[in-house]
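Reader: I'd like to see how the labels used for a model like this are earned. Could we go through them together?

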Amino acid sequence: MVTMTNLEEKFAEAMKTIARRADLKTYVEQTPAIYQLLQRAAAKYVTGEKRQDGLEAGRQLADKGYAISLEYIGENTTDVQACEAAVLELSLLIHALAERGIPARVSFDLSHIGLSLDSDLAFKNLTALAALARQAGIELFVSMEESAKTDAILTIYKRAAAAYENIGITLQAQLNRTALDLTSLQPIPGRVRIVKGAYQEPEQLAMPRSSALNEKYVQLVEQAIHLGHRVSIATHDESIVDEIIKRGWIHEPGAEFELLYGIRPDLSSQLKKAGYPVRIYVTYGHEWYLYLCHRIAEYPPNLFQAIVDITGAGKADPMLDYE
Ligand code: FAD
């Protein structure tokens, strides 16, 4: 018999597979009617397609007392021109943040800036952005992608972070290798963000969502703190949040909670009101297809929300839910 939990797991797997289907993505992008409908659903999690949309949302959240991360969404750039365009956009974002005095961190995938083409290109682009960001007093953050890229991402990160202390790295608790990866980062002072992991991974490499994964997540936070890293606890899982507060780790130097824009704004508001440092991860850009699929996969009831947003007259405005 298929139980609800079982069905939800299968649904999550299916959504993650849909997320990776380049043909479906192209179909959506090239069919204006469908693109516009799905864009309404994406508006729950993505502030808009333009830099100005991300900056405006960042400014509003900063005014409400949140710290900010900003991501210009995109990944797996497969030609040099698109890669240069992404680097230019990230440079302009860094300039704009500095100019407007918005205290934000800039996050991105290395495959957006060259990893899918050539490791050296990704390294060159990462260090160029890090130099620019350092001048502007801004921290950069490297996201973590599928396990097939973990080695390459960590190698580039370690090389770059040895020279630029303003770059942090994301690690996925779901991967069996992560405790060892964290140990290997010991000489590097950069900030570490712990996430559960958004990608569908082979069984032999990763753990599924479970209480065992939550325990492992908490252990990784402890390990990162012991190794002297400033840690971003990037989750919407209240049981983990409660455990981190109970153990007092949120008071460690540089520790913070970090949540995605549009997801559990009630939890973000509650944590901020209680006086804990809370950062909101804000995204913008036109590459929102994969991002939307992941957000639905993580929490299947979001599909109901997506249908309400698609058929509803007004645009979803998650900003109103942040207190
Ligand atoms: P889950 O077990 O997925 O969810 C726990 C509970 O949180 C759910 O029961 C639900 O109540 C709530 N929740 C979770 N997701 C949603 C949602 N979409 N909508 C509504 N409620 C939800 N992943 C990567 O692989 N690489 C990265 O670089 C990366 N960067 C991230 C950066 C930040 C700041 C954050 C917050 C996440 C990032 N992720 C990244 C995504 C992450 O790996 C998870 O997929 C995502 O955070 C959901 O996991 P969770 O810890 O909230 O726990």
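Author: Happily; what follows takes helix packing and then the ligand, bearing in mind that this is a predicted model.

Reader: Why is α3 called oblique to α13?

Author: Helix α3 (residues 32-42) and helix α13 (residues 302-311) pack at an angle of about 120 degrees, and their axes are 8 Å apart. Roughly perpendicular covers 65 to 115 degrees and roughly antiparallel begins over 145. The angle of about 120 degrees falls in neither range, so α3 is oblique to α13. The crossing of these two helices, α3 and α13, is right-handed.

Reader: Which residues of α3 and α13 meet, and what makes some of them count as charged?

Author: L37, L38, R40 and A41 of α3 meet A306, D309 and I310 of α13. Asp and Arg are among the types that count as charged, and Leu, Ala and Ile are among those that count as nonpolar. By class, then, the contact of α3 with α13 has five nonpolar, two charged and no polar residues.

Reader: What makes α2 roughly perpendicular to α3?

Author: For helix α2 (residues 22-30) and α3, the packing angle is about 100 degrees, with the axes 5 Å apart. Since 65 to 115 degrees counts as roughly perpendicular, α2 earns that description relative to α3. On the α2 side the contact is made by Y27, V28, E29 and Q30, and on the α3 side by P32, I34, Y35 and L38. These residues of α2 and α3 divide into six nonpolar, one polar and one charged.

Reader: Where do α9 and α10 meet, and at roughly what angle do they cross?

Author: The axes of helix α9 (residues 211-226) and helix α10 (residues 238-246) come within 10 Å and cross at roughly 35 degrees. The crossing is right-handed. N214, Y217, V218 and V221 of α9 meet S239, I240, E243 and I244 of α10. In the contact of α9 with α10, five residues are nonpolar, two are polar and one is charged.

Reader: Now to my favourite part: how many residues surround the ligand, and which are the closest?

Author: The ligand is surrounded by 23 residues, and the closest are K196, G197, T235, E298 and N302.

Reader: How do you know that T235 makes a polar contact with the ligand?

Author: A polar side-chain atom of T235 lies 2.6 Å from a ligand oxygen atom. A polar contact is a pair of N or O atoms within 3.5 Å, so the T235 pair qualifies. The side chain of Q172 has an N or O atom 2.9 Å from an oxygen atom of the ligand. For R295, a polar backbone atom is 2.9 Å from a nitrogen atom of the ligand.

Conventions
Residues are numbered from 1 along each chain as its sequence is written. This is a predicted model: local features need pLDDT of at least 70, side-chain atom pairs count only at pLDDT 80 or more; totals for chains, interfaces and linings use all residues. Side-chain values use heavy atoms; hydrogens and water are left out. Axes are lines fitted to C-alpha atoms, for helices over the stretch in contact, and angles run from 0 to 180 degrees between N-to-C directions. Helices (H or I, at least four residues) and strands (E, at least two) are DSSP runs, numbered from the N terminus. Angles under 35 degrees count as roughly parallel, over 145 as roughly antiparallel, 65 to 115 as roughly perpendicular and the rest as oblique. A crossing is left-handed if the near helix is turned anticlockwise from the far one by less than a right angle, and right-handed if clockwise. Contact means heavy atoms within 4.5 Å. A residue is near a molecule or strand if one of its heavy atoms lies within 4 Å of it. A polar contact is a pair of N or O atoms within 3.5 Å; within protein, one must be able to donate a hydrogen and the other to accept it, and residues adjacent in sequence count only if both atoms are side-chain atoms.
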